[in-house]
Amino acid sequence: MASLPVRWSALLLAATVTASCNSDEAAGRPRVVATTGMIGDVARALAGERLFVTTLLGPGVDPHLYRPNRDDVARALAADLVLHNGLHLEGRMGDTLRDLARSTPPSGAQRRNNGGPRVIAFAEALEGESEPRLALLSGDGHGDRNADPHVWMDPLRWARCAELLAPAIVELVPASERDAARHEVFSSTLPNFRATAEALVRFGDACFATIPERARVLVTAHDAFRYLGDRFGLEVVGLQGISTESEAGVRHIEELVDLVVERRIPAVFAESSVPDRALRALVEGARARGHSVELGRELFSDAMGDPGTAQGTYFGMIEHNIIRITRGLGGRVPGGSFAVWRSAQEGVRFDPLAPLEPQPSALAPFTSDSVGTSDSVGTSDSVGTSDSVGHAPRPAITSEAGR
Ligand SMILES: [Zn+2]
């Protein structure tokens, strides 16, 4: 049961000690701490080697239930920038994030020596979104005031969040490298990120179109896939609500058994970060009615796969989900993978594990107040080139916690 939330104020000393211990690894670079892997992946793509990016929540960790420990708080306090999803995703980190934000000076540029890091809620950036197809969805699908936090499930919304974050990343880069970083981020990294997101959506559309229409229903352990359903036109049903916090949120299994049996849905899907008890009950219920439904292999909902695997990257995680869902529901995957499909369709190479290669750009240098950076360490980025260059990112900054 509940331990008290760790408060940063009690841990300032620990943070100082930790900061000095980590100095070798960070090698003097400004530090970014992200809560989820999906956010860390974007930050790494934008920052390249210029910033030291780490994440708090590893594979299989449920952000709804995670409580920060002392080491997490120390790392966050020692950072220059803390990125969390917001929209109440990190339900039990709320106190810690609020305390960090309270210690935040008005401008990220002056933050050091003035208390804590700058704190930005990555997905809350979409709260002011005017493009309806990129806007946040309501938490219950029926106008609930609280927005659904699982924004990363839509590659286009996630790309928008990346564009909105970019200025804050660039701003953190040391002044001597900032112009170069800004140029790379806005003329190469972001256009490539968006082009890959758009290609992945076309790939998903091509995959899902092969699923028999009656079976285009995604049943999962909790309601993490509504943005995916919105983008790709799939019906989605979660046994628990948008948080995994409460077992009481388990919906009437019987209703879902009816749905699965009547629509002859061939599979329901477990998630890597959520227990599958309720799904097993659903499968048993359907079996008792004479319909065999497979408990499909895991999807990645609120956490990515293992580092060093394709599923341990943002785009690789989404591709994995698209392929598993398509095959589980009786469709087929054109080309067998996003990389093969994209290469055939667009002549663009894609390797989720390859560093982003800066591309010569057709864009005019972007002149916002932001900054950004460079090559990419590891992951999410794509490679790619831009079939769709030209979505000029808005220079506006994301919302910040504690304002
Ligand atoms: Zn969730």
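Here is a short walk through a predicted model, from its sheet to a helix and then to its core.

Let us begin with the sheet. Four strands make up an open, parallel arrangement, and their order is β2-β1-β3-β4. At the edges sit β2 (52-55) and β4 (118-121), each of which has a pairing partner on one side only. On average, and ignoring direction, neighbouring strands here are turned by 20° against each other. For a closer look at one pair, follow strand β3, residues 81-84, which runs parallel to β4 and is joined to β4 by four bridges. One place to find this pairing is L81, whose bridge partner in β4 is R118.

Next, move along the chain to helix α11, residues 314-328. From first C-alpha to last, its 15 residues reach 21 Å, close to the 21 Å expected at 1.5 Å a residue. Is this helix enclosed or open to the outside? Twelve of the 15 residues are buried, so α11 is largely enclosed by the rest of the structure. Among the buried residues are Y314, F315, M317 and I318, as well as E319, H320 and N321. Just after the helix, G330 adopts a positive phi of about 90°.

Finally, turn to the largest nonpolar core, which has 106 residues. In soluble globular proteins, nonpolar side chains tend to be buried together. V32 and L165 are the members that touch the most others in this core. Domain 1 (8-198) and domain 2 (205-346) each contribute at least three residues to this core. Leaving aside residues up to four places away in sequence, V32 touches A43, A47, L51, F52, V53, A79, D80, L81 and L83. L81 may look familiar: this contact of V32 is also the β3 residue bridged to R118.

How values were computed. Residues numbered from 1 in each chain as written. Predicted model: local features only at pLDDT ≥ 70, side-chain atom pairs only at ≥ 80, totals over all residues. Pairing = 2+ DSSP bridges. Helix = DSSP H or I, 4+ residues; strand = E, 2+ residues; numbered from the N terminus. Axes fitted to C-alpha atoms, helices over the stretch in contact; angles between N-to-C directions. Expected span 1.5 Å × (residues − 1). Buried ≥ 20, exposed ≤ 12 C-beta atoms within 10 Å, placed from the backbone. Core = buried A, V, L, I, M, F, W, Y, C linked by C-beta atoms within 7 Å. Domains from an automatic or database assignment. Contact = placed C-beta atoms within 7 Å.
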